[in-house]
Amino acid sequence: MPRSEPSVAPVEHLCGVVVHPLKARSGEAVAAVRRATRRRGWPEPVVLETTRDSPGTDEVVELLARGVDRIVAVGGDGTVREVAAALSRSGASADRVALGVVPTGTANLWSRTISLHGEAFDVVVDLAVDGPVRDSDLAWVTVTSADGTTRTHDIAVVAGVGMDAEAFAATDERSKVRVGWAAYFAALARRAVGDPVTVRLGLDSRPGEPEPVRTVLVGNCRVLPLGLPLMPSASMTDGRLDVLVVAPRTVVGWLGVAAGIVARRRDRWTGLRTHRTRHVVIDVDEPTAVHVDGDPVGDAVRLELGVRPGAVLVRCRAEPRDTESEVRRLLDGSERDLAALADALQHGHSWSSDHARELLVRDAFLALTGADLTRFKSLLNAGPDHRDLEHLVFDVVQDEGVRADVLDHIAAQAALVEVPDLHVLSDIDDTLRCALHDDRYPRGTLYPGVIALYRALDAGHAADPEAPGDLTFVTARPMDPAGLIEQHTRRGLRELGLPPHSVLSGTFGGLRDHDSMAGAKLENFRHFRALMPETEVVFIGDSGQGDVEVGRRMLAEDPSAVRLVLIHDVVDTPADERATLRSEGIVVVDTPVGGALEAYAVGLVSADGLASVVDAAERDLARIDWESPEQASATTALLERDLAAARTAYEGTRPTP
């Protein structure tokens with residue numbers, strides 16, 4: 001009697017759903033997801049609803065903590081943005097949990113761009129829960145208001161400044177529910193007659209000239225409702241942003257704009273111009289409305305936009321990206337696209353084996369020399385999540401021989417660098433913001449001028465001030481297997497207006513005591529020096545968590561590389577102890593302004609950089625909500641002392657008018 005084949009139990013997947021409950025078809029969509037999971041024999045999906053105060057990020061964190069291995073966003077482009085951005089920053093989960101989208105919003109530009117719009121609900125739901133997976137880009141924008149405050153937003157499809165943002169702000173939810181996308185076009189038409197705004201458009205660090213425009217749109221959005229091609233070349237998988245400038249010269253010129261959109265023409269007579277780039281800066285001559293994926297975010301005088309290639313896994317019809325072949329092709333080409341190479345190594349999911357990926361990592365590093373190698377490493381460090389330079393070399397590469405090949409090559413190339421760049425290594429708690437031991441400020445306060453200090457240290461000494469990844473936060477906070485702790489750290493840093501940065505996490509063992517914390521940070525320093533030996537280092541820490549010992553050991557291990565150790569005092573260190581520490585090369589300061597003054601004194605910050613820290617500290621100080629008059633008085637006195645000393649220092653270097 002023939003032997004029967006053993007039966008194979010079907011694989012079960014736990015699906016999480018983040019739903020905007022107020023969208024008209026959201027209930028129908030959730031019901032369709034439940035049917036799709038039941039047909040596959042999976043457990044009942046975990047469904048969480050968004051609210052005004054919790055639009056998606058917290059829901060993703062909760063779903064991942066509950067063990068889901070796929071997530072579906074049900075709602076409009078705003079919900080998709082929140083869920084996609086949260087998933088992209090979920091640490092190791094970003095490599096294994098894919099996002100499906102069931103559009104129930106007004107414009108649904110995301111689903112239109114990935115060609116899901118117009119399909120039957122059951123087809124879209126099947127793709128959302130079990131479709132093929134591909135990498136998809138996300139974008140970001142840092143918006144600067146007229147008062148100098150900044151805020152960073154994720155972008156799923158498009159951000160805009162000018163007339164279209166004014167139209168979005170004028171379109172209320174009731175109108176969108178009643179007449180759909182036509183409500184937005186009606187508001188846009190009412191603004192066809194109006195004054196342009198003057199902008200300066202900088203693309204990939206190339207400054208632009210002032211020009212009058214009605215709207216500038218930046219993103220990955222290919223089509224408008226009705227299928228009208230907005231930016232026909234836009235793609236969510238190319239690691240670039242498309243920029244559309246709308247600048248008709250007269251009211252009649254809007255006919256050219258309409259004809260250009262329909263005919264896919266972008267030239268002078270249409271009043272339309274497009275660019276493809278990775279980084280955009282838009283300076284506006286007066287506060288002007290801004291929107292992100294159709295959601296108004298206020299007025300701004302400056303926008304800085306960038307792309308996060310391959311930031312999130314998405315379920316759709318597209319075949320998975322063959323990153324192994326892509327890396328080989330990029331290495332074999334005559335001209336190297338360093339950003340594309342970094343992205344392919346960081347976000348690949350289709351390797352033939354783990355060892356094949358290790359060898360590709362080795363080959364990529366060994367193929368690069370000089371400035372190309374340094375920039376490649378900086379690009380890896382400027383990524384949005386844990387998949388940075390350290391992760392690639394110390395986690396992805398497990399073969400010690402392969403890792404030695406990489407590190408030996410890095411060291412050999414670093415020996416050829418004549419003018420080292422400066423890199424800032426910084427603690428977070430009580431260094432970047434008040435968190436643990438510092439009672440001089442309200443808990444959670446971002447120290448006045450600290451962001452400007454990081455920027456001044458970079459710009460004042462860098463061979464390439466625009467180079468990404470020149471700031472690294474060194475923390476004893478552990479990297480857990482799912483990456484949720486580091487995700488929480490990164491999320492806390494995300495909206496602070498920081499320059500591009502990476503995070504070096506510790507281990508759970510490093511949390512035992514201050515000495516363990518110091519040891520964890522020192523191990524991070526050793527990794528950093530092995531990976532970036534061509535740089536000099538400024539270490540910024542605080543006096544409450546073992547950072548003095550970290551600085552002392554850094555100076556002992558690598559004195560030629562450590563240019564300055566700044567310790568933010570949060571425990572009232574006595575003057576004689578400060579003097580002893582200074583003799584060891586460790587400088588204790590009371591404020592970021594004091595830190596900038598010390599850096600200026602040793603030539604690491606320019607006079608303009610010092611002035612920028614003073615200006616920023618004054619603005620930040622005015623926004624603090626003090627806990628008591630005594631706290632305000634004592635802390636303000638420290639700041640005013642350092643501000644006065646800094647003004648005296650840089651004003652003496654400026655020519656008399």
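**Exercise 1. Two aspartates with positive phi**

Task: In this predicted model, locate D430 in its loop, then decide whether D430 is buried or exposed. Do the same for the loop that holds D572 and for the accessibility of D572.

Solution.
- Step 1. D430 sits in the loop that runs between β15 (421-426) and α16 (450-461).
- Step 2. Its backbone angle phi is positive, about 65 degrees, although D430 is not a glycine.
- Step 3. The relative accessible area of D430 is 0%. Buried means under 20%, so D430 is buried.
- Step 4. D572 belongs to the loop between β19 (562-568) and α20 (575-583). Here too phi is positive, about 55 degrees, and D572 is not a glycine.
- Step 5. The relative accessible area of D572 is 68%. Exposed means over 50%, so D572 is exposed.

**Exercise 2. Helix α21 and what follows**

Task: State which residues of helix α21 are buried and what the sign of phi is at G603.

Solution.
- Step 1. Helix α21 covers residues 592-601.
- Step 2. Its buried residues include P592, V593, G594 and G595, and A596 and A599 are buried as well.
- Step 3. After α21 comes G603, with a positive phi near 80 degrees.

**Exercise 3. The surroundings of H527**

Task: Find which residues H527 contacts beyond its sequence neighbours, and work out whether H527 is buried or exposed.

Solution.
- Step 1. H527 is part of helix α18 (residues 514-531).
- Step 2. Its relative accessibility is 18%. The limit for buried is under 20%, so H527 counts as buried.
- Step 3. With neighbours within four places in sequence left aside, H527 is in contact with E390 and F394.
- Step 4. Take E390 from this pair. The C-alpha atoms of H527 and E390 are 7.2 Å apart, while 137 residues separate the two in sequence.
- Step 5. The side chains of H527 and E390 make a polar contact at 2.7 Å.

**Exercise 4. Aromatic rings**

Task: Say how many aromatic pairs the model has, and explain why the pair F365 and F376 is edge-to-face.

Solution.
- Step 1. The count is 4 aromatic pairs.
- Step 2. The ring centres of F365 and F376 are 5.3 Å apart, and their planes stand at 70 degrees. Pairing requires centres within 6.5 Å, and an angle over 60 degrees counts as edge-to-face. The pair is therefore edge-to-face.
- Step 3. F365 is in helix α12 (residues 354-366) and F376 in helix α13 (residues 370-381), so the pair ties together parts 11 residues apart in sequence.
- Step 4. Both F365 and F376 are buried.
- Step 5. Elsewhere, Y441, Y447 and W626 make up one aromatic cluster.
- Step 6. A charged residue can also sit over a ring: R40 lies over the face of W42, 5.7 Å from the ring centre.

**Exercise 5. The nonpolar cores**

Task: Give the number of residues in the largest nonpolar core, and state which helix contributes its largest share.

Solution.
- Step 1. Nonpolar side chains tend to be buried together in soluble globular proteins.
- Step 2. The largest nonpolar core has 49 residues. The residues with the most contacts inside this core are L341, F365, F376, V393, L425, L531 and M554.
- Step 3. Helix α11 (residues 338-347) supplies the largest share of the core, 6 residues.
- Step 4. Consider V393. Not counting residues up to four places away in sequence, V393 touches F365, R403, V406, L407 and L531.
- Step 5. There is a second, separate core of 45 residues, with L422, Y441, L564 and A607 among its members.

**Exercise 6. Cysteines and the whole chain**

Task: State how many disulfides are counted, and what share of the residues is buried.

Solution.
- Step 1. The count of disulfides is 0.
- Step 2. C15 has 0% relative accessibility, so C15 counts as buried. C221 is likewise at 0% and counts as buried.
- Step 3. The protein chain has 657 residues, and buried residues make up 56% of them.
- Step 4. The chain contains 23 helices and 20 strands.
- Step 5. Of the contacts between residues at least 6 apart in sequence, 73% join residues at least 24 apart.

Methods. Residues are numbered from 1 along each chain as its sequence is written. Side-chain values use heavy atoms; hydrogens and water are left out. Rings of Phe, Tyr and Trp (its six-membered ring) pair if their centres lie within 6.5 Å; planes under 30 degrees apart count as stacked, over 60 as edge-to-face and the rest as tilted. Helices (H or I, at least four residues) and strands (E, at least two) are DSSP runs, numbered from the N terminus. Buried means under 20% relative accessible area, exposed over 50%, partly exposed in between (1.4 Å probe, protein chains only). A charge sits over a ring if NZ of Lys or CZ of Arg is within 6 Å of the ring centre and within 35 degrees of the ring normal. Contact means heavy atoms within 4.5 Å. A nonpolar core is a set of buried Ala, Val, Leu, Ile, Met, Phe, Trp, Tyr and Cys residues joined through side-chain atoms within 4.5 Å. A disulfide is a pair of cysteine sulfur atoms within 2.5 Å. A polar contact is a pair of N or O atoms within 3.5 Å; within protein, one must be able to donate a hydrogen and the other to accept it, and residues adjacent in sequence count only if both atoms are side-chain atoms.
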